[in-house]
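Got a few minutes to walk through a protein model together? Have the sequence and the 3D view ready, and we'll take things one piece at a time.

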Amino acid sequence: MDIIPKTPRPYILAESTWKTIKDTSFEVAILPWGACEAHNYHLPYGTDIIEAEYVASESARLAWEKDHKIIVLPVIPFGVNTGQHDIKLDMNMNPSTQLAVLRDVVDVLHRHNIFKLIILNSHGGNDFKTMIRELGLQFPSMFLCQCNWFKAVDQSKFFEHKDDHGGEMETSVIMHLTPHLVRPLSEAGDGAAKKFKIKAINDGWAWAERKWTQVTKDTGVGNPHKATAEKGASYFDAVIENVSQFIVEVAKADKDDLYA
Ligand SMILES: [Zn+2]
């Protein structure tokens, strides 16, 4: 896939110059947030980073083409990997550190009159809800929200096997976006995972962190073997369509009059 154009994209901060940035008034900032961690034997550690970058930039492009001034900030590459501390070079960033990082990002946006921020999250271990509550109290003029792009579209319409981590969805998406980084599927583990013995946790109304190496042998949770780049392409297009609609809605919204 070749979606990185040869000219700078005006909605990507890292590709922009001060001249254009200082003369543009942006409606919404997007902060893609990934994780750097093992994804079975066949996907790169940067899987969540790649997904965050591409979903953010392509969704922003669609919103920009509808005349909304969006700015995508550089992706934060480290996620919460407390449950994977014993997997080599899974780069844990503690939630308290994430809060400190997010506070500094919000402070910059606030100082430069960008009052809407979407955290575009790519990693199941990241959860910004409590941070959004705390920072909302500190910066009451900001509209802060998070978006888990992997929940933006019903995955069961595209994939046979449910994906939690490094399975059919993520493998298909990375085959579509950066195929040179995917090892042959013959090298992939089956992504078999154990469940909790405690019913309420499996039913989803109670929660505890999974100790990853006790749950899965190959670090994957979800069978990747039916993945294809074609499935990845059609799912990715559906995701950026929905995420871009969300961005447009946030851009249009009056942050002081959000409720009907
Ligand atoms: Zn992932």
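Here is a tour that goes from helices to salt bridges and then to a few single residues. Keep in mind that this is a predicted model.

Let's begin with helix α3, which runs over residues 95-111. It has 17 residues and reaches 24 Å from its first C-alpha to its last, close to the 24 Å expected at 1.5 Å a residue. Now, which residues of α3 are buried? They are Gln98, Leu99, Leu102, Val105, Val106 and Leu109. These buried residues cover an arc of only 130 degrees around the axis, so they sit on the same side of α3. If you turn to the face that points away from that buried side, you'll find the exposed residues Ser96, Asp104 and Arg111.

What do the buried residues of α3 pack against? Their partners are β1 (28-33), β3 (116-121), α4 (129-138) and β4 (143-148). Follow the chain past the end of α3 and you meet Asn113, whose phi is positive, near 60 degrees.

One of those partners, α4, deserves a look of its own. Its buried residues are Met131, Ile132 and Leu135. Look down the axis of α4 and these fall within an arc of 100 degrees, so they line one face of the helix. On the face turned away from the buried side, α4 carries the exposed residues Thr130, Arg133 and Leu137. And what covers the buried residues of α4? The cover includes α3, β3 and β4.

There is also a link between charged side chains of these two helices. Glu134 and Arg103 meet in a salt bridge, at 3.5 Å from N to O. Since Glu134 lies in helix α4 and Arg103 in helix α3, the pair ties together parts that are 31 residues apart in sequence. Is each partner buried or exposed? Glu134 is partly exposed, with a relative accessible area of 40%, and Arg103 is partly exposed too, with 25%.

How many salt bridges does a search of the whole structure find? The count is 15. Another of them joins Arg9 to Glu15, with the closest N and O atoms 2.6 Å apart. Here Arg9 is buried, because its relative accessible area of 8% is under the 20% cut-off. Glu15 counts as partly exposed at 28%.

Next, find Lys231 and Glu160, whose closest N and O atoms are 3.9 Å apart in their salt bridge. This pair links distant parts of the chain, 71 residues apart: Lys231 is in helix α8 (residues 229-252), and Glu160 is in the loop between β4 and α5 (168-177). Lys231 counts as buried at 19% relative accessibility, whereas Glu160 counts as exposed at 53%. The story doesn't stop with two residues, either: Glu160, Glu168, Lys226 and Lys231 are linked in a network of salt bridges.

Time for the surface. Tyr45, Phe78, Leu89 and Met91 make a nonpolar surface patch of about 350 Å². To find Tyr45, go to the loop between β1 and α2 (47-65). Tyr45 counts as partly exposed, at 32% relative accessibility.

Loops can hold buried residues as well, and Val80 shows this: it is found in the loop between β2 (70-72) and α3, yet it is buried, with a relative accessible area of 9%. What is Val80 in contact with, leaving aside its neighbours within four places in sequence? The contacts are Asn92, Met93, Asn94, Pro95, Gln98, His123, Gly125 and Asn126. You may recall that Gln98 is one of the buried residues of α3.

Let's finish with some backbone angles. Asp67 has a positive phi of about 70 degrees although it is not a glycine. Look for Asp67 in the loop between α2 and β2, where it is exposed, with a relative accessible area of 64%. Asn113, which we passed earlier, is not a glycine either, and its phi is positive at about 60 degrees. Asn113 lies in the loop between α3 and β3 and counts as exposed, at 53% relative accessibility.

Terms used. Residues numbered from 1 in each chain as written. Predicted model: local features only at pLDDT ≥ 70, side-chain atom pairs only at ≥ 80, totals over all residues. Heavy atoms only, no water. Helix = DSSP H or I, 4+ residues; strand = E, 2+ residues; numbered from the N terminus. Expected span 1.5 Å × (residues − 1). Buried < 20%, exposed > 50% of the residue type's maximum accessible area, 1.4 Å probe, protein only. Arc of directions from axis to C-beta. Contact = heavy atoms within 4.5 Å. Patch = residues over 30% accessible without salt bridge, like charges linked within 9 Å, V, L, I, M, F, W, Y side chains within 5 Å. Areas by Shrake-Rupley, 256 points an atom, 1.4 Å probe, with all protein chains shown as cover. Salt bridge = Lys/Arg side-chain N within 4 Å of Asp/Glu carboxyl O.
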